[in-house]
Every structure is written in structure tokens, then in C-alpha cells.
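Q: Please take a close look at one annotated part of this chain, and at the side chains worth checking before bench work. A connected account would suit me better than a list.

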Amino acid sequence: MINKALPKDIRVLGWSPAPVDFSARFSCLSREYKYFFWRENLNIVAMETAGKKFVGEHDFRNFCKMDATNVHSFRRQIMLFEISACSESFRGNELWVMKIKGSAFLWHQIRCIAALLFLIGQGLESPNVVDLLLDIEKTPRKPQYTMASEIPLVLQSCEFEDLRFICPSGAKQALHEHLKKECLNYKLQAAIFHEALQSCSCIETDDSLLKNSRLKRTPVYVPIMSRPTEPSYEERRAKLNTAGKIQT
């Protein structure tokens, strides 16, 4: 009944009795995320070496969008980090996935981690840059960099204590049919784009009129540790105090 009232991208599989003070956010013991990406020319070994550095308890203030108003501790524990190949591929390009499990995460933490790992995979940064960014004594201010896209990010599962979900077989079958239909729809769209891609190869081009035009300059990569930095947590708090936004 609930599924009939929900959008197509939200499905309910089961339910569980819960305590009155239960919170889906604060009662969660652990969360597991998956981030999908195309391998292309990425150095997976370097990415895996760097990713393992996140395992354990660290201060992740340089790997998140800082909320100095509501968050006062940036220490979080990562329990697991893995990179593995998926069964999908396209024209020799393999689909891979990062799996990250932790007790809790900061705002945009996974997307920031993925962004740094992609720079390492491209050979633009060394895996050691992770050590420098996790050391808040050496790097108290987060260097400016663009987060990875939110589209491939999936919250795979959440762990709760003493919750026993009741999942009717009918709901499971309905979810199976729904996901099967969605897969077929997306594969149909992919086939259409693939057809357009093949058609592009048949188009004749003529660049003779562009010979005298200026060549575009190749962007110069600026290493992470040489980039401008954002304000530190202490500087943000001081600014909030000055603006009177913090009540004592």
C-alpha cells in the first residue's frame, strides 16, 4: 500500500517494530556505501593503496563539506575499504566499484574521498597525499578541490541493533519485477545512445577552416597541497561568534 503512494525510485520491502526513541540517523551502528566508476586508465593499485589509509579512526575535516555550526568533531571510523570489478563493461571499459563501511560519515565525505582517489588513479597525486590531508596538524585547512559526482553514489545498507524486518514475499516479488523493469528501460536508453555513438563514426569531418585558429591550451594541473585553502574549523567558529550566530 505504501509503495503505491511512493515515487518509482523509492520502494519499501519490509517493516520492523522500533523503540519510541528510535532514530534512523542516530540509532544506526554502521553504514555501507558503494561508489561506481569506469576504470578507463585509472591505476587501481594506487587507488587501493590510498584507500586503505582511510581505514581506522581519523579526523576527516579535509574530506568533507565542513558544517562548523552543527558539527564539532570530525573524527569518524572507517571499518572497511575495498575496490573491485563489476560484471558490466562497455567497449573494453570496465565498471568498478568502491565499497566503504563506517560507523558514521560527514557531509559529502564519500564524494570527497572518491575525488581524491580519482586524482591518485590518474597519476596526478601520490597516495601519500591522503596521509598529509589526514594530518590536521600539518594540514589544518582543506585545499580546494571539486567533489566527485553524486550520481554513482549508493547507500547500500545500514545496520541497526535489535531490528527484525518483516518482509512479505509479495513485496519482494514486486520489488524484483520493478527493478527488472527499470533495468530494461535503462538498457533500452543505453542502446539508443550506443546507436547514436556508432552513427558519429560515419560522419565525415573537415577541419580545414580551423587551421589558423588558436590551439586550446592544455590546463595546468595544480597539486592538491599547492592549492588555495578553505578556512579552518577554528576560523569558521570565530567568524560565527563574531557574527553572533552562536548562542552561548
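A: A residue is called exposed when its relative accessible area is over 50%, buried when that area is under 20%, and partly exposed in between. The model is predicted. By the first cut-off, Lys181 is exposed, because its relative accessible area is 53%. Lys181 belongs to helix H5, which covers residues 169-200. Its C-alpha atom is 33 Å from that of Ser23, a residue 158 positions away along the chain.

The annotated part comes from a UniProt record. That unreviewed entry lists residues 52-161 as "domain: Pseudouridine synthase I TruA alpha/beta". In the model, 18% of this span is helix and 35% is strand. The C-alpha atoms at the two ends of the span are 27 Å apart.

The cysteines come next. How many disulfides does a search of the whole structure find? The search finds zero. Two cysteines can be followed in detail. A disulfide requires two cysteine sulfur atoms within 2.5 Å. For Cys64, the closest cysteine sulfur is that of Cys112, and the separation of 6.6 Å is too far for a bond. Cys64 counts as buried, because its relative accessibility is 1%. Cys86 is likewise in no disulfide, with the nearest cysteine sulfur, in Cys183, 13 Å away. Cys86 counts as partly exposed, because its relative accessibility is 25%.

Terms used:
Residues are numbered from 1 along each chain as its sequence is written. This is a predicted model: local features need pLDDT of at least 70, side-chain atom pairs count only at pLDDT 80 or more; totals for chains, interfaces and linings use all residues. Side-chain values use heavy atoms; hydrogens and water are left out. UniProt positions are given in the numbering used here, feature names are shortened, and annotations may be inferred rather than shown by experiment. Helices (H or I, at least four residues) and strands (E, at least two) are DSSP runs, numbered from the N terminus. Buried means under 20% relative accessible area, exposed over 50%, partly exposed in between (1.4 Å probe, protein chains only).
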